[in-house]
Amino acid sequence: AFTRPGEDDTIAVTNPTYTLYGTLAEMYGVRVENHPAAAPQYSLPEEFIESPAKILFLPNPNPPIGTFYPAADLECLAAVDPDRLLVIDEAYVDFAPNDAMAVYKKYDNILISRTFSKSYSLAGLRIGYAIARPQLISAMNKIRDSYNVNRLTQAAAVAAWNARGYYADMVNRIREDRAFLAAALKERGCTVPESHGNFVFARKAGAKKLYQQLKERKVLVRYFDTPGLDDGMRITIGTRAELEKLLETLDSLG
């Protein structure tokens, strides 16, 4: 909707981040700028902030670490160029301190994307929504597939939206379990950056072997065999019983 292949258009992302942005851009013939964000704070690189790219993509919180960027950072990105689109992916925002709506109201070049896959537990239905000014939504509507959302998916999404009180309780429970797991992993020698998603990233020597040992025992976590992430595992916050099973298995491995 906003870029043209063959016209040297680019998108800009930080690294690490959600990997699908780059994959989709390449499928559409659009170049990708990767701007490394340095651990442990993963602050936004100056090159990313000042990028001349057509679109900036920033998940907030940003997987797989779970870094949360405050409103001041988002305003800084939006203010650089009113013609540059800033897409703030709030897939995990319900697990974070706040959202980007206050910043969005100040700028016309922000698009917020959200999903029912995380805090609403409807991952298999593949439904989400965007918040943007009418002119941006109109541009996306021009390329929208006429069969993009089926009736059952819409009905489930509306039902989930109307049950926000129930899901708020679930989110609070996940936040509590996230804190529990992070503390327990630190006690076991892991380095765990602060996460604002429904997951934590646990760093420990021999992470790849540890991942394989867990998998052999039917405890599934995510391992990224890429520089900067290959020293840790991303662990989704499941039930308390599942987390305790993970910890018991780690203890059994010594």
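## Salt bridges, a patch and a cavity: worked exercises

D9 pairs with K54 in a salt bridge whose closest N and O atoms sit 3.2 Å apart. Keep in mind that this is a predicted model.

**Exercise 1. Work out which parts of the chain the D9–K54 pair ties together, and classify both residues by burial.**

Solution.
- Start with location: D9 is in the segment before β1 (10–15), while K54 is in the loop between α2 and β3, so the bridge ties together parts 45 residues apart in sequence.
- Now D9: its relative accessibility is 9%, and buried means under 20%, so D9 counts as buried.
- Then K54: at 36% relative accessibility, K54 counts as partly exposed.
- To place this pair in context, the structure holds 11 salt bridges.

**Exercise 2. Do the same for K208 and D225, then for E216 and R217.**

Solution.
- K208 and D225 form a salt bridge, with 3.5 Å between the closest N and O atoms.
- That pair links distant parts of the chain, 17 residues apart: K208 belongs to helix α8 (residues 207–216), and D225 to the loop between β8 (222–223) and β9 (232–236).
- K208 has 37% relative accessibility and is partly exposed; D225 has 55% and is exposed.
- E216 bridges to R217, the closest N and O atoms being 3.7 Å apart.
- E216 is exposed at 62%, and R217 is partly exposed at 40%.

**Exercise 3. Which residues are linked with E90 in a network of salt bridges?**

Solution.
- The partners are D99 and R114: together with E90, they make up a network of salt bridges.

**Exercise 4. Find the residues of the nonpolar surface patch that includes M27, and say where M27 lies.**

Solution.
- The patch is formed by Y18, L20, L24, M27 and Y28, with about 540 Å² of accessible area together.
- M27 lies in helix α1 (residues 20–27).
- With a relative accessible area of 62%, M27 is exposed.

**Exercise 5. Locate P52 and give its C-alpha distance to D83.**

Solution.
- P52 is in the loop between α2 (46–49) and β3 (55–59).
- Its relative accessible area is 75%, so P52 is exposed.
- From P52 to D83 you count 31 residues in sequence, but 10.0 Å in space, C-alpha to C-alpha.

**Exercise 6. Describe the largest cavity and its lining.**

Solution.
- There's one cavity of 30 Å³ or more in the structure, and the largest cavity has a volume of about 40 Å³.
- Its lining consists of P16, A37, Y42, N62, P63, I65, T67 and Y69.
- Sort that lining by type and you get six nonpolar, two polar and no charged residues.

Terms used
Residues numbered from 1 in each chain as written. Predicted model: local features only at pLDDT ≥ 70, side-chain atom pairs only at ≥ 80, totals over all residues. Heavy atoms only, no water. 1 Å grid on protein atoms, 1.4 Å probe; cavity = no way out; pocket = protein on both sides within 12 Å on 5 of 7 lines; lining within 4 Å. Points joined across faces, edges and corners; volume = space filled by probe spheres on them. Nonpolar A, V, L, I, M, F, W, Y, C, P; charged D, E, K, R; others polar. Patch = residues over 30% accessible without salt bridge, like charges linked within 9 Å, V, L, I, M, F, W, Y side chains within 5 Å. Areas by Shrake-Rupley, 256 points an atom, 1.4 Å probe, with all protein chains shown as cover. Salt bridge = Lys/Arg side-chain N within 4 Å of Asp/Glu carboxyl O. Helix = DSSP H or I, 4+ residues; strand = E, 2+ residues; numbered from the N terminus. Buried < 20%, exposed > 50% of the residue type's maximum accessible area, 1.4 Å probe, protein only.
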